[in-house]
Amino acid sequence: MLIGSKFTPVNRSTILARDVIPMPDLEFPAVAAFIAETTGIEFKLNKKYLLENRLSPRLKELGCKTYKDYILYLKYDQTKKEFHKLTTAITINETSFLRNPPQLEAFQNIVLPKIIQAAKSRIPNTIKIWSAGCSSGEEPYSLGLLSMEKYPGLSTTKQLQILATDIDDEIIAKASKGHYGQLTLRNLSPHQLNTFFKNNGTQYEINQNIRSLVKFSNLNLSDSARMRLLRDIDVIFFRNVMIYFGTETRKKIISNMYDSLRPGGYLFLGHSESLHGISKAFKLTNLGKSMVYYKEL
Ligand SMILES: C[S@@+](CC[C@H](N)C(=O)[O-])C[C@H]1O[C@@H](n2cnc3c(N)ncnc32)[C@H](O)[C@@H]1O
């Protein structure tokens with residue numbers, strides 16, 4: 001796990017040397033409660049060092065002497081600017097293209113043909129895929145890439161819409177640019193790289209035809225009112241996000257996602273995540289080498 005600056009791992013001694021503002025154990029519950037209530041993300045006391053490390057720069061910039069002051073500032077900041085900075089500071093954005101290939105094979109070869117077939121009898125025949133917690137865009141662009149690879153005509157028909165949402169404004173801005181270094185592209189074949197990216201020297205830029213399928217926006221999954229606006233979704237990718245939430249938040253989000261999905265729709269979770277103890281509404285189904293949740297017709 002990354003505990004230094006957002007993208008650079010550092011060890012504990014480096015952190016201490018960097019003049020971190022210590023968080024008294026007594027202040028920790030109020031900080032953790034504010035974060036859990038507003039974002040769903042749960043921090044246990046053993047992760048206090050992580051909050052200290054990530055939030056100290058925020059306190060310093062605002063001139064807050066204590067974490068209590070910082071939480072008060074957040075509560076009274078009507079612009080919500082600091083809340084967005086908080087989310088950027090505390091979220092973990094680790095991701096990559098074609099993450100967990102067996103799941104994506106199931107998506108490309110089983111799920112996509114099924115939902116395209118089902119959409120034929122609908123007017124409009126739009127297909128909606130949602131990457132919830134999309135981070136820097138690798139997941140939604142991978143879904144666009146795999147869809148185009150299987151059905152090249154999708155780029156011109158406007159039938160496919162990929163909605164990509166995250167709580168972190170900074171990461172959404174990065175995703176929208178669609179520029180990537182080699183590390184995150186490691187699972188792509190040379191053919192996929194040549195077909196779907198433009199090489200700008202050190203960076204690869206995702207092609208416009210894939211980019212035009214993906215719409216990025218800020219969405220806090222803890223915000224049930226906004227979640228209710230999402231309807232008729234065919235497939236939800238909600239991978240490697242739920243692990244950061246407490247049980248009650250997981251239940252609320254999964255219940256909202258169930259309502260957002262069409263009957264016959266699919267829910268993909270991260271490979272270490274499950275709905276055990278969260279929801280019995282979905283049917284767990286085996287697709288190729290992957291287990292996927294399904295909303296029955
Ligand atoms: C580890 S990344 C997962 C990225 C991608 N889904 C994948 O599996 O590669 C987790 C993402 O969830 C986002 N996230 C955390 N809490 C969230 C919330 N309450 N609402 C929306 N997104 C959230 C983070 O900002 C982060 O970008």
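**Exercise 1. The domain interface**

Task: Determine how many salt bridges the rule finds across the interface of domain 1 and domain 2, and how many residue pairs in polar contact.

Solution.
- Step 1. Across the interface of domain 1 and domain 2, the rule finds 0 salt bridges.
- Step 2. Note the kind of model. This one is predicted.
- Step 3. Turn to polar contacts. The rule finds 6 residue pairs across this interface, both partners at pLDDT 80 or more.
- Step 4. Locate the elements. On the side of domain 1 that touches domain 2, helix 2 and helix 5 each give two or more residues. Helix 5 gives the most, with 4 residues.

**Exercise 2. Extent of the interface**

Task: State the domain bounds, then describe the separation of the domain centres and the area buried between the domains.

Solution.
- Step 1. The protein chain is divided into domain 1 (12-90) and domain 2 (101-294).
- Step 2. Their C-alpha centres lie 30 Å apart.
- Step 3. Count the residues in contact. Domain 1 brings 9 residues and domain 2 brings 11.
- Step 4. Take the area. About 800 Å² is buried between the two domains, and carbon and sulfur atoms give 49% of this.
- Step 5. Find the residues behind it in domain 1. Gly40, His84 and Thr88 lose the most area to domain 2, together 45% of what that side buries.

**Exercise 3. The largest nonpolar core**

Task: Work out where the largest nonpolar core lies with respect to the two domains.

Solution.
- Step 1. Size the core. It has 46 residues. Those with the most contacts inside it are Leu55, Trp130, Leu221, Phe238, Met257 and Leu267.
- Step 2. List contributors. Elements giving two or more residues include helix 3 (48-62), helix 4 (67-76), strand 1 (127-132) and strand 7 (233-238). Helix 2 gives the largest share, 5 residues.
- Step 3. Compare with the domains. Domain 1 (12-90) and domain 2 (101-294) both give residues to this core, so the core lies between them.
- Step 4. Zoom in on Leu267. Beyond its neighbours within four places in sequence, Leu267 is in contact with Ile236, Phe238, Ile254, Met257, Leu261, Leu275, Phe282, Val292 and Tyr293.
- Step 5. Check for another core. One of 44 residues lies apart from the largest core, and its members include Ala106, Ala164, Val214 and Phe216.

**Exercise 4. Salt bridges, buried and exposed**

Task: Take three salt bridges, Glu42 with Lys44, Glu52 with Lys48 and Glu139 with Arg239. Which residues are buried, partly exposed or exposed?

Solution.
- Step 1. Set the total. The whole structure holds 10 salt bridges.
- Step 2. Take Glu42 and Lys44. Their closest N and O atoms are 3.2 Å apart. Glu42 has 42% relative accessibility, so Glu42 is partly exposed. Lys44 has 52%, so Lys44 is exposed.
- Step 3. Take Glu52 and Lys48. The N to O distance is 3.7 Å. Both residues lie in helix 3, 4 residues apart, about one turn of the helix. Both are buried. Asp25 joins Lys48 and Glu52 in a network of salt bridges.
- Step 4. Take Glu139 and Arg239. The closest N and O atoms are 2.8 Å apart. This pair links distant parts of the chain, 100 residues apart: Glu139 is in helix 7 (residues 138-150), and Arg239 is in the loop between strand 7 and helix 13.
- Step 5. Classify this pair. Glu139 has 7% relative accessibility, so Glu139 is buried. Arg239 has 5%, so Arg239 is buried.

**Exercise 5. A loop leucine**

Task: Is Leu185 buried or exposed, and which residues is Leu185 in contact with?

Solution.
- Step 1. Place the residue. Leu185 is in the loop between strand 3 (179-180) and helix 10 (190-196).
- Step 2. Apply the cut-off. Buried means under 20% relative accessible area. Leu185 has 4%, so Leu185 is buried.
- Step 3. List the contacts. Leaving aside neighbours within four places in sequence, Leu185 is in contact with Phe97, Tyr180, Leu193, Phe197 and Tyr204.
- Step 4. Add a C-alpha distance. Leu185 and Arg99 are 86 residues apart along the chain, and their C-alpha atoms are separated by 9.8 Å.

**Exercise 6. A strand arginine**

Task: Describe the surroundings of Arg262.

Solution.
- Step 1. Arg262 is in strand 8.
- Step 2. Its relative accessible area is 18%, so Arg262 is buried.
- Step 3. The side chains of Arg262 and Asp234 make a polar contact at 3.2 Å.
- Step 4. Not counting residues up to four places away in sequence, Arg262 touches Arg122, Thr126, Asp232, Ile233, Asp234 and Lys295.

Notes:
Residues numbered from 1 in each chain as written. Predicted model: local features only at pLDDT ≥ 70, side-chain atom pairs only at ≥ 80, totals over all residues. Heavy atoms only, no water. Core = buried A, V, L, I, M, F, W, Y, C linked by side-chain atoms within 4.5 Å. Buried < 20%, exposed > 50% of the residue type's maximum accessible area, 1.4 Å probe, protein only. Domains from an automatic or database assignment. Contact = heavy atoms within 4.5 Å. Buried area = accessible area lost by both parts, 1.4 Å probe. Salt bridge = Lys/Arg side-chain N within 4 Å of Asp/Glu carboxyl O. Polar contact = N/O pair within 3.5 Å; in protein donor to acceptor, adjacent residues only side chain to side chain.
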